[in-house]
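Trainee: I should like to go through the reasoning behind the terms used for this model. May I ask for the grounds of each one in turn?

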Amino acid sequence: MKVLVIGGGAREHALCRSLSQDPAVTELHCAPGNAGIAQVATVHPVDQLDGAQVVALAGRLGAGLVVVGPEAPLVAGVADALRAAGVPVFGPSAEAARLEGSKAFAKDVMAAAGVPTARSYVCTTAAEAAEALDAFGAPYVVKDDGLAAGKGVVVTSDREEALAHAAACERVVIEEYLDGPEVSLFAITDGSTVLPLQPAQDFKRALDGDQGPNTGGMGAYSPLPWAPEGLVEEVLETVLQPTVDELRRRGTPFSGLLYAGLALTSRGTRVIEFNARFGDPETQVVLARLRTPLAGVLHASATGTLDQLEPLRWDEGAAVTVVIAAEGYPAAPRTGDPIEGLAGAEAADGTAYVLHAGTRADADGRVLSAGGRVLSVTATGADLAEARERAYRSVELISLDGGQHRGDIALKAAQ
């Protein structure tokens, strides 16, 4: 199988790394890719939001499967263009991807499907926003209705800050605050069958101790030793399957990766949000533990044959990812700085490796920073403590001027 991955971040590097290890994959391509992905796949320039360009590239390459990584191409209808051209694609249609593209739409689907979530109001004016904030009280949760690369949510006890965020968005969803730990659970679906993966937890705040501004994610780990028994089965039954069934009932079946962001509250499990693609940085740790070859699973989703798959196989150990971000991230990240020590940070036995996010190679072959989140250093081990120790050992071997990372990823869970 020839596979083309669309995207150029650490999530896509994780996907490419897993696909490159799959014996069924004869050729691996990525567009646009990055400096790290270029080591495991052939990279191609492409406007990833242009369905016609992506279809033309897939045709030239003879791709038997296209995997769309980021949310923006999905919401832009790139998967629709590929399906219309007869190319098997992993990723939902634009209509189904509204589950991520519009939080108001997601709330409507959840209400129809009976999925447990936070009570909420959709607001388009300052007066409506003020009324909604007062109805719920602090802490305030204000979400940009549209795509915001994981940074459109403000959780604050400062009413003025909440109002300011609402005013900066065309439409917002304001909802009650959900207490309890958060869990990310991915599921692969073909529109009927739903195949949950292993849960993970990510770290959204920029600084240790969950301080600082919200980011796209500063690290993640899997498994979750503290998660209640039967969590995956419960979420499959009460969240994932009902959502997929409701979208199919509406005539917009969801095929691809359904990501449920969950809060394990004192009143039970609640959905914080849905995403329509693999999450970053959770993908890095989930795929590090997946033993079933990836291409066949994604192809089964694309071709409606998930019900014919054997149960997924998982590594019994643990995985930890630590994100190295650029100076100034998330507000105004600095780019163009050289990155040293990448080769030395990779363990010869594969237990620690570096996934590139915002990187590019210059004319001399040096790897430079090219985004806010620059690298995802990922490690595996017999348990979280060992995986964590290996990940941080590798982080210390990498040099990026002004680079920043959290020092407490998976710390509590490993103790």
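Mentor: Please do; the model is a predicted one. Let us begin with tyrosine 121, which stands opposite isoleucine 174 in strand 9.

Trainee: What makes strand 6 and strand 9 a pair?

Mentor: Pairing requires at least two bridges found by DSSP. Strand 6 and strand 9 (residues 172-175) have 4 bridges in the antiparallel sense, so the criterion of at least two bridges is met.

Trainee: Which helices pack on this sheet, and what do they touch?

Mentor: Helix 7 (residues 126-136) touches strand 6, strand 7 (140-144) and strand 9, and its direction makes about 170 degrees with that of strand 6. Helix 8 (residues 159-167) touches strand 7, strand 8 and strand 9; its direction makes about 15 degrees with that of strand 7. Angles run from 0 to 180 degrees between N-to-C directions, so about 170 degrees lies close to the upper end of that range and about 15 degrees close to the lower end.

Trainee: Why are strand 6 and strand 8 called edge strands?

Mentor: The sheet is open, with 4 strands in the order 6-9-7-8 and antiparallel pairing. Strand 6 (120-123) and strand 8 (153-156) each pair on one side only, and that makes them the edge strands. The twist averages 20 degrees from one strand to the next.

Trainee: How do you know that strand 1 and strand 2 pair, and in which sense?

Mentor: Strand 1 (residues 2-7) and strand 2 (residues 27-32) share 6 bridges in the parallel sense, and at least two are needed, so they count as paired. Lysine 2, for instance, stands opposite glutamate 27 in strand 2. The chain passes from strand 1 through helix 1 (residues 10-20) to strand 2 in a right-handed β-α-β crossover.

Trainee: What makes strand 2 and strand 3 a pair?

Mentor: Strand 2 and strand 3 (residues 42-43) have 2 bridges in the parallel sense; the threshold is at least two, so the pair qualifies. Cysteine 30 has valine 43 in strand 3 as its bridge partner.

Trainee: Which residues touch the most other members of the largest nonpolar core?

Mentor: They are Leu4, Val66, Leu82, Leu99, Val320 and Ile398, in a core of 73 residues. Helix 9 (residues 231-249) gives the most to this core, with 7 residues. Leucine 99 touches, among others, Phe105, Val109, Leu247 and Phe274, not counting residues up to four places away in sequence.

Notes. Residues are numbered from 1 along each chain as its sequence is written. This is a predicted model: local features need pLDDT of at least 70, side-chain atom pairs count only at pLDDT 80 or more; totals for chains, interfaces and linings use all residues. Side-chain values use heavy atoms; hydrogens and water are left out. A crossover is right-handed if, with the strands pointing away from the viewer, the path from the first strand over the helix to the second runs clockwise. Contact means heavy atoms within 4.5 Å. A nonpolar core is a set of buried Ala, Val, Leu, Ile, Met, Phe, Trp, Tyr and Cys residues joined through side-chain atoms within 4.5 Å. Buried means under 20% relative accessible area, exposed over 50%, partly exposed in between (1.4 Å probe, protein chains only).
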